[in-house]
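Please read the following notes beside the sequence and the coordinates. They are arranged as numbered points, each taking up one topic.

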Amino acid sequence: MKQEHLKEIVMIGPVYPYKGGIAHYTALLCRALRNKYHVEMISYKMQYPKILFKKEQKDFSNDAFKLENTEYLIHTANPFNCIAVARKIRKKKPDLVIVQWWHPYFAPCYWIMEKVLGKKTKILFVCHNVFPHERFPMDKALTRLVLKNGDCFITQSGMDSDDLQTIKRDARYCQTVHPTYNAFKLKNLTKSEGRDLLSIASEEKILLFFGFVREYKGLSHIIKALPEIVEKVPGARLFIVGDFDGDKEKYLQMIQENQVEKNVSIFDGYIPDNEVEKFFAACDLVVLPYESATQSGIVQIAYGFEKPVVVTNVGGLPEVVEDGKTGYVVEPRNEGQLADAVVRFFNEKKADGFQENIQKEAYRYSWDRMVEVVERLYQDSSENE
């Protein structure tokens with residue numbers, strides 16, 4: 001079967017008004033595919049039950065990621081609904097079904113849908129994480145239950161590729177870098193305009209820690225590194241922007257103990273899509289001091305604003321950062337290396353050079369390239385039937 005036979009695609013996953021990086025990713029991939037193919041987007045009418053996810057799951061404040069002609073059909077906790085939706089998809093006879101995978105919670109729902117769709121329906125899983133960040137008993141068994149039936153896979157880190165092969169040794173997959181979230185550039189704010197909105201002086205050196213604050217993301221390490229940074233980089237300031245998942249007081253106490261209260265600004269809470277731009281436009285350097293990871297959309301948001309990053313040598317993060325060219329890669333849990341990288345960036349005036357290198361990598365992180373990956377996987381899986 002040749003590549004041009006790919007015409008009809010059904011995509012399953014979260015999109016606006018659902019919040020978060022995977023919803024953004026799904027919408028942007030769907031838009032890119034729609035430039036060449038007929039793509040039907042099917043999302044959830046109930047994603048997580050409130051007993052499992054108590055925070056608000058939707059954000060209607062910005063429709064930049066809104067997808068036209070999306071059907072909100074899937075109730076993930078209702079097996080009868082899963083059967084009905086799968087039957088509807090099967091009647092469409094799509095060439096390919098693309099499913100976003102990131103957590104075993106969806107295993108029962110997707111397993112039922114796979115059984116109804118049958119072996120004639122070709123399924124591609126986009127693995128944002130093969131296994132969840134916070135592991136739990138039975139997560140591997142639940143993941144295997146679903147992914148073993150997939151025809152092909154997209155992974156976005158070596159760690160996820162290895163994990164995939166532990167549950168499907170002969171998996172047909174393509175490991176590719178996470179595309180760029182340049183869709184957050186809604187107003188094309190300059191750095192000075194972003195700083196005006198946040199009342200930041202032009203001479204300040206702004207570090208940005210962005211996203212849901214969880215233990216594994218290592219916020220404590222950049223806080224502990226800050227005294228050395230402040231001493232060597234006058235005007236250095238850390239912006240912590242995101243919803244705290246755990247004990248916020250612990251971090252406040254840590255900031256106080258390290259005597260950097262004047263050098264830290266906290267924006268606690270979920271940041272609506274239309275508020276993201278000002279933080280990235282205003283900052284100089286994005287820091288991801290993660291203790292563990294598979295990959296992170298935050299790096300790609302930073303690249304979308306042509307901002308360099310400091311990441312740790314965990315998961316797929318070093319695979320998307322050219323050390324010394326688009327950012328720095330340091331060892332996890334090492335405040336000394338973290339501080340040294342930040343100090344070098346400012347004292348050696350690396351901003352312009354790093355920005356140019358990020359611009360040169362634009363195609364590597366483009367959505368057009370991701371479409372080519374989907375096409376190649378579809379063709380390969382068809383030829384090997």
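1. Helices (H or I, at least four residues) and strands (E, at least two) are DSSP runs, numbered from the N terminus. On that basis Gly 150 falls in the loop between α4 (139-147) and β6 (152-155). This is a predicted model, in which local features need pLDDT of at least 70 and side-chain atom pairs count only at pLDDT 80 or more, while totals for chains, interfaces and linings use all residues. Residues are numbered from 1 along each chain as its sequence is written, and side-chain values use heavy atoms, with hydrogens and water left out.

2. Is Gly 150 buried or exposed? With buried meaning under 20% relative accessible area, exposed over 50% and partly exposed in between (1.4 Å probe, protein chains only), Gly 150 is buried, at 5%. Contact here means heavy atoms within 4.5 Å; leaving aside residues up to four places away in sequence, Gly 150 touches Glu 114, Ile 123, Phe 125 and Lys 168. The C-alpha atoms of Gly 150 and Lys 119 are separated by 9.5 Å, with these positions 31 residues apart along the chain.

3. Two of those contact partners, Ile 123 and Phe 125, belong to one side of strand β5, together with Cys 127, whereas Leu 124 and Val 126 are on the other side, and all of these residues are buried. Strand β5 (residues 123-127) is accordingly listed as mostly covered, with 5 of its 5 residues buried. Two strands pair if DSSP finds at least two bridges between them, and β4 and β5 pair in the parallel sense over 5 bridges; the bridge partner of Gln 100 in β5 is Val 126.

4. His 103 is in the loop between β4 (96-101) and α3 (107-117), and counts as partly exposed at 26% relative accessibility. Not counting residues up to four places away in sequence, His 103 touches Pro 132 and Phe 136; the C-alpha atoms of His 103 and Phe 136, which are 33 residues apart along the chain, are separated by 11 Å. A polar atom of the His 103 side chain lies 3.0 Å from the backbone nitrogen of Tyr 105.

5. How many aromatic pairs are there under the rule used here? Rings of Phe, Tyr and Trp (its six-membered ring) pair if their centres lie within 6.5 Å, with planes under 30 degrees apart counted as stacked, over 60 as edge-to-face and the rest as tilted; by this rule the count comes to 22 aromatic pairs. One of them joins Phe 106 and Tyr 110, a stacked pair at 5.7 Å centre to centre with 20 degrees between the planes. Phe 106 is buried at a relative accessible area of 0%, and Tyr 110 is buried at 3%. Ring pairs link these two residues with Tyr 18, Tyr 44, Tyr 48, Trp 101, Trp 102 and Tyr 105 into a cluster.

6. A charge sits over a ring if NZ of Lys or CZ of Arg is within 6 Å of the ring centre and within 35 degrees of the ring normal. Lys 19 lies over the face of Tyr 270, at 3.9 Å from the ring centre, and the charged end of Lys 248 sits over the ring of Phe 244, 5.7 Å from its centre.

7. A nonpolar core is a set of buried Ala, Val, Leu, Ile, Met, Phe, Trp, Tyr and Cys residues joined through side-chain atoms within 4.5 Å. The largest such core has 65 residues, and those with the most contacts inside it are Leu 33 and Phe 280. A second, separate core of 39 residues includes Ile 22, Val 85, Phe 106 and Val 130.

8. Some backbone values deserve a look, given that most residues other than glycine have a negative phi, and most peptide bonds are trans. A cis peptide bond joins Tyr 16 and Pro 17, with omega about 10 degrees, and Pro 17 lies in the loop between β1 (8-12) and α1 (21-34). Lys 93, in the loop between α2 (79-92) and β4, has a positive phi near 50 degrees and is exposed at 68%. Ser 199, in the loop between α6 (191-198) and β8 (205-210), has a positive phi near 55 degrees and counts as exposed at 62%.

Notes. A polar contact is a pair of N or O atoms within 3.5 Å; within protein, one must be able to donate a hydrogen and the other to accept it, and residues adjacent in sequence count only if both atoms are side-chain atoms.
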